[in-house]
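These are my notes on one protein chain, set down in the order in which I looked things up.

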Amino acid sequence: MTMTNAEMKKVTIIDTRSETDFYDSILVHREQLYSIAYSYLRNRNDALEAMQEMTCRAWIKRKTLKDPKAFKSWIIRILIYVCIDEQRRRKRSMPLVDERIGEQVTHIGHHRMEMLWALEQVKPKYRHVLLLKYYNDMTLTEIANIMNKPEGTVKTWQHKGLKQLRTIIKNRGEWNNE
């Protein structure tokens, strides 16, 4: 199988990209990446660790990136997968008391905690859209690129996710009585 000149150029660009250039490209998006990781994991240390794992996975898989313009959505997609893996790991293990002692205590309002609980009840594909849209201020076009789905599908998932969220909140009658 022979490659066209354009394909060879892409491979050469990716192969010759230095580790520093790669790292700098990730640093450009670090605040948004941290925000996304934190919205999934709700823990500073876990969010930072997820970013580190995402960087390692992206570096290992850097040759699979076909379009350098899609770098941002590509690393965000990797980060989301890392966060999902961490959530699955959490479900399988019980946290030790010592693990929570070092965590910074923050005051989260009662309503915010209930909203986070309700959001966890929403189907994962809808929850991803809601997290990216409302917690990370991303546009539906950006979310569609990250999730590698048509924008119409993302809009439908947003609508269905909000509908599920409303139903969950409505069924928690005591929320409305406060």
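Entry 1, leucine 116. I asked whether leucine 116 is buried or exposed. Its relative accessible area is 9%, and because buried means under 20%, leucine 116 counts as buried. The model I am reading is a predicted one. I placed leucine 116 in helix H7, which covers residues 110-121. I then listed its contacts, leaving aside neighbours within four places in sequence, and found Arg42 and Tyr135. I also checked a pair remote in sequence: leucine 116 and serine 39 are 77 residues apart along the chain, and their C-alpha atoms are separated by 9.8 Å.

Entry 2, glutamine 87. I looked next at glutamine 87, which is found in helix H5, residues 71-92. Its relative accessibility is 16%, and as the limit for buried is under 20%, glutamine 87 counts as buried. Not counting residues up to four places away in sequence, glutamine 87 touches Tyr40 and Leu41.

Entry 3, the chain as a whole. I turned to the secondary structure and recorded 10 helices and zero strands. Read along the sequence, the pattern is α-α-α-α-α-α-α-α-α-α. The chain has 178 residues, and buried residues make up 34% of them. I noted an exposed area of about 12200 Å², with carbon and sulfur atoms supplying 54% of it. For contacts between residues at least 6 apart in sequence, I noted that 67% join residues at least 24 apart.

Entry 4, helix H2 against helix H4. I asked at what angle H2 (residues 19-28) and H4 (residues 44-60) pack. The angle is about 135°, and the axes are 11 Å apart. That makes H2 oblique to H4, because an angle must be over 145 degrees to count as roughly antiparallel. I recorded the crossing of H2 past H4 as right-handed. On the H2 side the contact is formed by Glu19, Phe22 and Ile26; on the H4 side I listed Met54, Thr55, Ala58 and Trp59. Sorted by class, this contact of H2 with H4 has five nonpolar residues, one polar and one charged.

Entry 5, helix H2 against helix H5. I repeated the reading for H2 and H5, which pack at an angle of about 80° with their axes 10 Å apart. H2 is therefore roughly perpendicular to H5, since angles of 65 to 115 degrees fall in that class. Phe22, Ser25 and Ile26 in H2 meet Phe71, Trp74 and Ile75 in H5. By class I found five nonpolar residues, one polar and no charged ones in the contact of H2 with H5. Comparing my lists, I saw that Phe22 and Ile26 of H2 appear both in the contact with H4 and in the contact with H5.

Entry 6, backbone angles in two loops. I wished to know which residues other than glycine have a positive phi, and I noted aspartate 137, with phi near 50°, and asparagine 148, with phi near 60°. Most residues other than glycine have a negative phi. Aspartate 137 lies in the loop between helix H8 (124-135) and helix H9 (140-147). At 68% relative accessibility, aspartate 137 counts as exposed, because the limit for that class is over 50%. Asparagine 148 lies in the loop between H9 and helix H10 (151-171). With a relative accessible area of 62%, asparagine 148 is exposed as well.

Conventions: Residues are numbered from 1 along each chain as its sequence is written. This is a predicted model: local features need pLDDT of at least 70, side-chain atom pairs count only at pLDDT 80 or more; totals for chains, interfaces and linings use all residues. Side-chain values use heavy atoms; hydrogens and water are left out. Buried means under 20% relative accessible area, exposed over 50%, partly exposed in between (1.4 Å probe, protein chains only). Contact means heavy atoms within 4.5 Å. Axes are lines fitted to C-alpha atoms, for helices over the stretch in contact, and angles run from 0 to 180 degrees between N-to-C directions. Angles under 35 degrees count as roughly parallel, over 145 as roughly antiparallel, 65 to 115 as roughly perpendicular and the rest as oblique. A crossing is left-handed if the near helix is turned anticlockwise from the far one by less than a right angle, and right-handed if clockwise. Ala, Val, Leu, Ile, Met, Phe, Trp, Tyr, Cys and Pro count as nonpolar, Asp, Glu, Lys and Arg as charged, and the others, Gly among them, as polar. Accessible areas come from the Shrake-Rupley method with a 1.4 Å probe; for residues, only the protein chains shown count as cover.
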